[in-house]
Amino acid sequence: MTELFISFASALWLGILTSISPCPLASNIAAVSFLSKKITHPVMVFISGLAYTLGRMAAYVVLGWIIISSLLSVPQVAQFLQKYMGKAMGPLLILTGLILLEIITIRLPGVPLSQKQHNKLAESGAPGAFLLGFIFALAFCPISAALFFGSLIPLAINSKSGIVLSFIYGIGTGLPVLVFAVVIALGVTSLSHWFHRIARFEYYIRKITGVVFILVGLYYTGIYILRLF
């Protein structure tokens with residue numbers, strides 16, 4: 001039970017940290033602000049923000065489900081992962097920690113959308129906002145990619161509740177965005193102050209998380225590879 005709780009809490013925290021990371025945070029605030037400019041009624045602003053949030057959540061859940069199900073549906077792959085995932089967790093956590101600390105940097109291709117496409121989706125109401133959130137979630141930045149592919153997927157594969165973890169991760173990514181939607185719907189237009197405070201909070205939390213990942217990765221490496229403990 002304790003191990004299951006730790007897995008659930010880890011997935012939720014990874015989702016929250018993904019959502020408040022610099023690139024997703026900026027795109028989330030920009031997207032929800034953009035949607036609010038196309039709608040005058042506060043209730044509809046909130047509904048569109050909620051739809052955008054659900055779109056992001058759905059993208060991570062679907063992608064996680066596809067990856068985890070695909071890997072575990074092949075007996076040979078499942079056996080390989082069960083045998084070697086424990087050994088791979090250490091290096092993966094260390095690599096993720098180094099990326100979070102920005103000691104290692106990677107570049108990833110984005111998902112470009114023209115201004116016309118943005119306007120079309122925004123003017124489509126909740127369905128368009130949902131699709132916009134889904135697309136933006138797939139535009140991984142280095143940090144969000146490291147958290148999702150380098151931490152959540154290995155954690156989910158190594159857990160008995162793997163697919164559930166991707167759903168919890170999706171909830172974590174949606175919570176901060178939903179807060180932005182509520183704030184904008186309530187008419188708080190000056191978001192720059194809050195943006196800088198969240199960005200500063202994220203910076204220190206990401207650094208702490210990166211150090212923890214490296215320490216846990218070294219521990220896993222010592223247990224499963226070097227047999228030190």
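Biologist: Which residues of helix 3 meet helix 7?
Modeller: In this predicted model, helix 3 brings Tyr60, Leu63, Gly64, Ile67, Ile68, Leu71 and Leu72. Helix 7 answers with Phe148, Phe149, Ile153, Ala156 and Ile157.

Biologist: And how does that contact of helix 3 with helix 7 divide by class?
Modeller: There are eleven nonpolar residues, one polar and no charged ones. Gly counts as polar, and Gly64 is on the helix 3 list.

Biologist: What makes helix 3 oblique to helix 7?
Modeller: Helix 3 (residues 42-73) and helix 7 (residues 142-157) pack at about 55°, with axes 11 Å apart. Roughly parallel needs an angle under 35 degrees, and roughly perpendicular starts at 65. The angle fits neither, so helix 3 is oblique to helix 7. Their crossing is right-handed.

Biologist: Why are helix 3 and helix 6 called oblique to each other?
Modeller: Same kind of check. Helix 6 covers residues 126-138, and the angle with helix 3 is about 40°, with the axes 7 Å apart. That value goes past the 35 degrees cut-off for roughly parallel and stops before 65, so this pair is oblique as well. Helix 3 passes helix 6 in a right-handed crossing.

Biologist: Which residues make that contact?
Modeller: On helix 3 they include Ile47, Ser48, Tyr52, Arg56 and Leu63; on helix 6, Phe130, Gly133, Phe134 and Leu138 are among them. By class, the contact of helix 3 with helix 6 has 16 nonpolar, three polar and one charged.

Biologist: Arginine 56 caught my eye. How do you know whether arginine 56 is buried or exposed?
Modeller: Buried means under 20% relative accessible area. Arginine 56 has 2% relative accessibility, so buried is what we call it. Arginine 56 is in helix 3. Beyond its neighbours within four places in sequence, arginine 56 is in contact with Pro24, Ser27, Asn28, Gly133, Phe134, Phe136, Ala137 and Val177.

Biologist: Which residues have the most contacts inside the largest nonpolar core?
Modeller: Leu147, Phe148 and Leu152, in a core of 29 residues. Helix 1 (2-19), helix 3, helix 4 (75-100), helix 7, helix 8 (162-185) and helix 9 (192-224) each give two or more residues to this core. Helix 7 supplies the largest share, nine residues.

Biologist: What does leucine 152 touch?
Modeller: Setting aside neighbours within four places in sequence, leucine 152 is in contact with Ala11, Leu14, Leu147, Leu165, Ser166 and Tyr169. Apart from the largest core lies another, of eleven residues, among them Ala31, Ala51, Tyr52 and Val177.

Definitions and conventions:
Residues numbered from 1 in each chain as written. Predicted model: local features only at pLDDT ≥ 70, side-chain atom pairs only at ≥ 80, totals over all residues. Heavy atoms only, no water. Axes fitted to C-alpha atoms, helices over the stretch in contact; angles between N-to-C directions. Helix = DSSP H or I, 4+ residues; strand = E, 2+ residues; numbered from the N terminus. Parallel < 35°, antiparallel > 145°, perpendicular 65-115°, else oblique. Left-handed = near helix turned anticlockwise from the far one by under 90°. Contact = heavy atoms within 4.5 Å. Core = buried A, V, L, I, M, F, W, Y, C linked by side-chain atoms within 4.5 Å. Buried < 20%, exposed > 50% of the residue type's maximum accessible area, 1.4 Å probe, protein only.
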